[in-house]
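The following exercises are to be worked through with the sequence and the coordinates at hand. Each task is followed by a solution in steps.

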Amino acid sequence: MPEGRRVEISVPALARVEGEGALALRIQNDRIEHLALSIFEPPRYFEKLLEGRDPQQLIDAVARICGICPAAYQMSASQAIEDAFGAEQDGWVRAMRRAFYCGEWIQSHALHIHLLAAPDFLGYESALAMAAEYPDALRRGLQLQGLGNELMRLFGARSVHPIGVAPGGFHRAPDPQAVSALLPRLEAALAEAEALLAWTAALPLPQQAQDFVSVALRHPEEYPLYSGRIVSSEGLDIAVSEYEMHFEEYQRPHSTALFSRLQGRDYLVGPLARLNLNQDRLPSPVAEALARTGIAFPSRNMFHSIVARAVEILLALHEAVRLLRDYHPPKVTAVSLTPRAGVGYGATEAPRGLLWHRYRFDEAGRVQEARIVPPTSQNQARIERDLRESLESFGLAHDDEALRLRAEMVIRNYDPCISCATHFLRLRTERR
Amino acid sequence: MAVHKFSSCDGCQLALLNLGESLLALQEAVEIVHFLEAGPSDPEAPVDIAFVEGSISTAEEAERIARVREHSRYLVTIGACATSGGLQALRNLDRSERAWREAIYARPEFIDSLDQATPVREHVAVDLELWGCPINGRQILGAIASLLHGVPPIEDADKVCLECKRQGRVCTLVTRGVPCMGPVTHTGCGALCPAFGRDCYGCYGPAENPNGDALARRFEGLGLLPEAIARHFLFIHSHAEPFRTVGTAWRAQREKDDA
Ligand code: SF4
Ligand code: SF4
């Protein structure tokens, strides 16, 4: 590289991510001088507009934070409502929430793998451009995505902003006939998902080990999705209500999303973090399919995220089949709630990672104060660090175009959901 | 064709991304030149059809929508955000933008945000508006199909209530006494909520000639307090008339009662 080469890379609008983000990068004398993932999606002030809403409106409103993971928002909020009101837990409601949530994992992960991420690894501008060369892979992906959406519709009538979730449960139990029509299709998709897993493992993924902290929920028996304690690869193990004692958020001038850190460090949430921490919770057919890929988890290669997503599609299909196999509609589809003043917490694993909510309610059960921490703002600092490390190990001597492509690939690998990331939060600390 | 995003949740664009194999077929029929989430990125290219998602809520967005208008023959808004301002337009009611920004961000000066989140129509001329939060695939494919045949697309502006009756559903308002917004809400969803045994919450926005006052009085008859009535009208389409006027009137009523 000639002495004093100065590279300015700016990607004013990132493609194939959810929401609007940009990247600014300045390299001087073979060193990254400035790097900023800017999230400039305008804030929608959700936490304020939730104030005064009753539980049903809260559930319907938080869905609108993100069109891709509305169920995640509805589930975290539902838990917080029940926590605050001291509601009984119901086995049927819990099982069906998990099945509903599986639909969201399947559709969101299939969308990301095929329409957003795969073109990076196969060298295309978009999935649509990939269609001619990889028609079968793309079709399989779109079919899985469609199946995930159908599973969501069973419980919510539509997959974007489902309408079926009631405080305490569901407005209606799925029709047994609809369940028995869907079940064989979910079963048939297991083989497709296994093939998809093998396909992602065979992609030409960059090999690069990084040092990072993983954070995810952990449950005594299940692969975490709907509930658990918050754990990290460094030994953190806390209740959901203790989150604010360990994690802090801060604002930086280039971004409308807040950054998070755990004990002063960036950390990872999402499929790779979940799998790294919970591999022992995979049901055996899924664990065996994963073993056949030959990739060892926990993995330090961030690009194994796409493999982790495929593992989770397979897991979600298994779970959905298990939960719906002996389906009987219950008499009561929602536990009854008695509003009372107080604070409630909820945390679930959205497709992109830990989604934490806290609400304070008044005695009539209306929201007085809301705080929501979405996965993408938690990953923001991690993405920036990854960019530095990845670009340096890739080689800063590459030409601008190659550097830009690599940087975009690194960012997209996190499946950042910028719409989610920007609507938030009360600050505790702030640093520049 | 182009798909542009402004302040939104991305849910309306999913009407395209969730089309499955029809998405691949669509690509044969129309050339997609700009659709960031799907990959193609060429925001300034002249197009026949521009779909716009999201409300206008920053100075940058106000400028950008003017440019989109300049190079688009047919501009179609998709969804509540673009068509009526959406849920985030709640901040317009009390001009609360500044206060909210200060409550949420420690450094509010880093944030570029207008005091109101407004529909596209308040900024540039719009050729067609698709209502819904979210819109569905049928609506967007219908619009594309008409435009490909050179016929101006039309949206049915009837009420959810009529669709519900057509399906022979039991009325949630009459039989269950829940405050259903179906009598004043724009059709298009297929009356999903009543089919699930719950009240419509108006996510498709106001229908043509809705009698909001009469419905609000009906809600009062069901025992709802003025504040709860206001909340029903001031929700996903709080910036759209008559929801705005009816809602703010009942909210003022509550404040009078409080005083
Ligand atoms: S109208 Fe609703 S679904 Fe569409 S972008 Fe806005 S919030 Fe999302
Ligand atoms: S019934 Fe009403 S709230 Fe429900 S989906 Fe239709 S328009 Fe939206």
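**Exercise 1.** How many nonpolar, polar and charged residues does the shell around ligand 1 have?

*Solution.* The structure is a predicted model. Begin with the position of the ligand: ligand 1 lies between chains A and B. Next, take the 14 residues around ligand 1, of which Cys9(B), Cys12(B), Ala80(B), Cys81(B) and Cys133(B) come nearest. Finally, sort the shell by class, which gives six nonpolar, five polar and three charged residues.

**Exercise 2.** Determine which strands stand at the edges of the open sheet in chain A, and explain what follows for their sides.

*Solution.* First establish the order, which is 6-7-8 for the three strands of chain A, with antiparallel pairing. Strand 6 (215-218) and strand 8 (237-238) of chain A each have a single partner strand, so one side of each is left without a neighbour in the sheet. Then examine the pairing of strand 7 (residues 229-232) with strand 8 of chain A, where two bridges join the antiparallel strands, and where Ile230(A) stands opposite Ile238(A). Helix 9 (residues 271-278) of chain A packs on this sheet, touching strands 6 and 7, and its direction makes about 55° with that of strand 6.

**Exercise 3.** Describe the contact between the two domains of chain B.

*Solution.* Start from the domain assignment, which gives domain 1 (2-148) and domain 2 (160-258) in chain B. To their contact, domain 1 contributes 21 residues and domain 2 contributes 17 residues. The area buried between them is about 1,400 Å², with 55% given by carbon and sulfur atoms. Lastly, of the area that domain 1 buries against domain 2, Leu93(B), Trp131(B) and Cys133(B) supply 39%, more than any other three residues.

Note on methods. Residues numbered from 1 in each chain as written. Chains lettered and ligands numbered in written order. Predicted model: local features only at pLDDT ≥ 70, side-chain atom pairs only at ≥ 80, totals over all residues. Heavy atoms only, no water. Pairing = 2+ DSSP bridges. Helix = DSSP H or I, 4+ residues; strand = E, 2+ residues; numbered from the N terminus. Contact = heavy atoms within 4.5 Å. Axes fitted to C-alpha atoms, helices over the stretch in contact; angles between N-to-C directions. Near = heavy atom within 4 Å. Nonpolar A, V, L, I, M, F, W, Y, C, P; charged D, E, K, R; others polar. Domains from an automatic or database assignment. Buried area = accessible area lost by both parts, 1.4 Å probe.
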